[in-house]
Amino acid sequence: MSSSEIITAKNLTKVYGKTIAVSGISFSINRGECYGFLGPNGAGKTTTMKMIHCFSPMTAGKLTVTEMDVRREQRKIKAIMGVVPQEENLDPDLKVLKNLIVYARYFDIPVKTAEERAIELLNFLQLKDKMNSKIGELSGGMKRRLLIARSLINNPKILILDEPTTGLDPQARHLIWQRLRLLKKNGITMILTTHYMEEASQLCDRVAIIDKGKILTEGEPKKLVADNIGTEVVEIRLEDENQEAILEQLNEFNFTYERAGDTLYLFSNNGKELLHSIVDVKHSQLLHRPATMEDLFLKLTGRGLRE
Ligand SMILES: Nc1ncnc2c1ncn2[C@@H]1O[C@H](COP(=O)(O)OP(=O)(O)O)[C@@H](O)[C@H]1O
Ligand SMILES: [Mg+2]
C-alpha cells in the first residue's frame, strides 16, 4: 500500500441472503482525492459506502481505512469520518442547531466546542437563520445541507456522501457542489455516490462505474470518456429504417455508433468530418456535441430501466 492511499479495498464482498450486493470489488482512494461511485439503482453503491463507514459488516475481502481494518477498528475509523447518508435521518424532535449539538456527543466533543462548531458549520452551509427551526420546516435542499453540516461536526478527514444532491433543484445542487469543492480544497478526502453524471464530472478526480456489484471501469472522467467513446458525439434523430442509409454514407470513417429508438448516436474524434458527409438529413434532426460521462455510462450499463 502506498502512503498516498487512505482507503484500500481488495475483493470486497457483501452478500444479503441470496443477493450479492457487492461482488469482489477492489479499489483504492488517495488522500485528498474526490472519488465517485457511479451506478444505476441497485448497483451496490450504498452497500459499499456502509462497509467503508463501518455501518454494515463486510462478508468477505479486505478493507482498510488509514491502514486500519474495518473489522477491528470501527471506533477509530468512525472518529475520522463524516457521513451523509442517502436517507435523511435528522432528529425531527430537535431543532436545527440542537441536531448538530446532540450528534456531537457521539464524538465526545465538549458542549461549548460543539456549539461553536455547529454555528460555524450552519454558516458555511447557509443555514444560520434556520438555527432554531424545526426539521419539518426545512426544504429538501436545507435538510441535505444540514446533513452535510452534521457530517462535518467532528472535523473528519474523510467525508462520505451517498447521493448528496438527489432530488434537489439546480440552485440547491450547485450550492452543495460549491461547498464540497471548498472542503476538497481544504484537503478533505471525499467519497461520493451519484447517478448524476454532471455531478461526477464537476467534483470527482476519479470515478468507478459500478453495476450489479462489480466495477466496470475506473479512472479520470475526461480520460474515461475519451478512451471509451471518443471526444465528440453526433446525434441523429431519424426513423429506424433510414438509420441504415446514414451508416452506409459514413462507412469510410472511423467511428462507433449506437442505435436507441429514434436516435442514432455516432461517437468519434471528428464529428465535423461525419457531419459533412451526411446528406438528406434536416439540420433540426442533427446535434453535434462533446462526448460526456453520460454517454459512457449508458454504453457500459445499458439503456434498460432500473427501478
Ligand atoms: N439491507 C438489505 N437487505 C437485503 N438486500 C439489500 C439490503 N440493502 C441492499 N440490498 C440489495 O443489495 C443491492 C445493492 O443495493 P444498494 O447498495 O442499496 O445499491 P445502490 O445504492 O447502488 O442503489 C440491491 O439489490 C439491494 O436490493
Ligand atoms: Mg444507494
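**Group meeting: ligand 1, the magnesium ion and a sheet**

Okay, let's start at ligand 1: the largest share of its shell comes from H1, which puts in three residues. Bear in mind that this is a predicted model.

Who else is around ligand 1? The full set is Tyr16, Thr19, Ala21, Pro40, Asn41, Gly42, Ala43, Gly44, Lys45, Thr46 and Thr47. In terms of elements, S2 and H1 each give at least two residues to that shell.

Now the polar side of things. Gly42 brings a backbone N or O atom to 2.7 Å from an oxygen of ligand 1. Lys45 does it with its backbone too, with an N or O atom 2.8 Å from an oxygen atom of the ligand. With Tyr16, it's the side chain: an N or O atom there sits 3.5 Å from a nitrogen of ligand 1. On its own, ligand 1 has 560 Å² of accessible area, and the protein covers 59% of that.

Next up, the magnesium ion, which is ligand 2. Which protein atoms act as its donors? They're OG1 of Thr46 and OE1 of Gln86, lying 2.0 to 2.1 Å from the ion. Thr46 is in helix H1, residues 45–52, while Gln86 is in the loop between strand S6 (81–84) and helix H3 (96–104), so this pair ties together parts that are 40 residues apart in sequence. Remember that Thr46 was also on our list around ligand 1. As for Gln86, it's partly exposed, at 32% relative accessible area.

On to the sheet. Four strands make an open sheet, ordered S2-S1-S4-S5, with antiparallel pairing. The edges are S2 (19–30) and S5 (68–69); each has a single partner strand, so one side of each has no neighbour in the sheet. Further in, S1 (residues 5–16) and S4 (residues 60–65) run antiparallel and are joined by five bridges. If you want a spot to click on, Ala9 stands opposite Leu63 in S4.

Last stop, Arg237, in strand S11, residues 232–237. Buried or exposed? Somewhere in between: Arg237 is partly exposed, with a relative accessible area of 37%. Beyond its neighbours within four places in sequence, Arg237 touches Asp262, Thr263 and Gln285. With Thr263 there's a side-chain to side-chain polar contact of 2.7 Å. And Ala260, 23 residues away from Arg237 in sequence, is 9.8 Å away in space, C-alpha to C-alpha.

That's my tour, thanks for listening.

Conventions. Residues numbered from 1 in each chain as written. Chains lettered and ligands numbered in written order. Predicted model: local features only at pLDDT ≥ 70, side-chain atom pairs only at ≥ 80, totals over all residues. Heavy atoms only, no water. Pairing = 2+ DSSP bridges. Buried < 20%, exposed > 50% of the residue type's maximum accessible area, 1.4 Å probe, protein only. Contact = heavy atoms within 4.5 Å. Polar contact = N/O pair within 3.5 Å; in protein donor to acceptor, adjacent residues only side chain to side chain. Donors = N, O, S within 2.8 Å, 3.2 Å for Na, K, Ca; no water. Near = heavy atom within 4 Å. Areas by Shrake-Rupley, 256 points an atom, 1.4 Å probe, with all protein chains shown as cover.
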